[in-house]
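Q: Please take a close look at the largest cavity in this model. Which residues line the largest cavity, and what is its volume?

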Amino acid sequence: MIRFWLLFFALAWLGFWEPAEARRARFKPTPPKPKKSEAEQAIEKLAPGQNINIDQMSGKWYLLTVASRCKNLLESGFKVESTTAAWTVTGDKVSVSTVRKLNFECWEIKQNYMRTKTPGQLFLKGKRPAENVDIMVLETDYSSYATVVFKRAEKITMKLYGRSSEVPDNIVDKFEDRAKTFNLGLDVIFQYPDYGFCESTEKVLDLT
C-alpha cells in the first residue's frame, strides 16, 4: 500500500512539472476570427434608402442590369433574356409579376414580397429559412430608375430597373460604382437586352 501511494505522488509530481511547451500544446487558445473584408462589412450594413415609399414602386419596370455571383448567371449570363417586372402594392404585400423568355416561350413568374417594419424593405419567404430573401430598394426616383438589392444570407444580387428600356449613362455608372463596394465588379455585371420583350405569356409559374 505504501508503495502504491509513493507511486501516485511521484506521477502527480511529474505531471505538475510537465514542460510548459506541452501544457501550451494542450491548451491552445482559440484563434481569432479572420477580419471581414470591406465588401463583407458593406453587405452587413446594407439598408434601404431613406424615405423610400414602396407604394410609388407600383407599375411596370424593365430589368436593365444585374450584378451578381449567382451560379446560373455566371454560367449563362451571355444569353440573358429581356425581362420586365410589374409591381402591384396592396396592403402589406407587393405582388410581383416577372415576364421573360425561357426556352423560346414567354413565362410569367408570380411572387409576393411582404412589407416589413422598415420603410423600403421587403421580405420573400423561401421554402427553408436559409432561402429567405431580404429585398431593399437602395435608390429610386420612382419615375425613371430603381436600384434594388436581394440579400440571401451573406450573398447579394443588385438589380437596376428602369421605367423604360433605357436609362441615362450616369445612372448605370452609379450602379456599377456601388456594386464594386460589394465586390461585384464588371466581370459579374450583366446587361439585359433592351429589345425582344414578351407581349403576352404562354406559361405561368405561380410562386405566391
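A: The answer below starts with the chain as a whole, turns to the cavity, and ends with two individual residues.

The model is predicted. Its chain has a secondary structure of 5 helices and 10 strands. Of the 208 residues in the chain, 37% are buried. The accessible surface comes to about 14,000 Å², and carbon and sulfur atoms account for 56% of that surface. When contacts between residues at least 6 apart in sequence are considered, 55% of them join residues at least 24 apart.

Next, the cavity itself. Rolling a probe the size of a water molecule over the atoms shows where empty space is left. In this chain the count comes to 1 cavity of 30 Å³ or more, and the volume of the largest cavity is about 60 Å³. Its lining consists of Glu139, Tyr145, Thr147, Leu160, Ile171, Lys174, Phe175 and Arg178. Two elements, β7 (145-152) and α5 (169-180), each give two or more residues to this lining. The largest share, 4 residues, comes from α5. In terms of residue character, the lining divides into 4 nonpolar, 1 polar and 3 charged residues.

Threonine 147, one of the lining residues, merits a closer description. Threonine 147 belongs to strand β7. Because its relative accessible area is 6%, which is under 20%, threonine 147 counts as buried. Leaving out residues up to four places away in sequence, threonine 147 touches Met136, Val137, Leu138, Glu139, Met158, Lys159, Leu160 and Phe175. Among these neighbours, Glu139, Leu160 and Phe175 are also named in the lining of the largest cavity.

A second buried residue may be set beside it. Serine 68 is placed in strand β1, which covers residues 59-68. Its relative accessibility is 1%, so serine 68 is buried as well. The side chain of serine 68 reaches the backbone nitrogen of cysteine 70 at 2.9 Å. Apart from neighbours within four places in sequence, serine 68 is in contact with Leu73, Leu74, Ile156, Thr157, Leu184, Val188 and Phe190. Serine 68 and isoleucine 189 are separated by 121 residues in sequence, yet their C-alpha atoms are 6.6 Å apart in space.

To return to the request, the largest cavity has a volume of about 60 Å³, and α5 supplies the largest share of its lining.

Methods
Residues numbered from 1 in each chain as written. Predicted model: local features only at pLDDT ≥ 70, side-chain atom pairs only at ≥ 80, totals over all residues. Heavy atoms only, no water. Buried < 20%, exposed > 50% of the residue type's maximum accessible area, 1.4 Å probe, protein only. Contact = heavy atoms within 4.5 Å. Areas by Shrake-Rupley, 256 points an atom, 1.4 Å probe, with all protein chains shown as cover. 1 Å grid on protein atoms, 1.4 Å probe; cavity = no way out; pocket = protein on both sides within 12 Å on 5 of 7 lines; lining within 4 Å. Points joined across faces, edges and corners; volume = space filled by probe spheres on them. Nonpolar A, V, L, I, M, F, W, Y, C, P; charged D, E, K, R; others polar. Polar contact = N/O pair within 3.5 Å; in protein donor to acceptor, adjacent residues only side chain to side chain.
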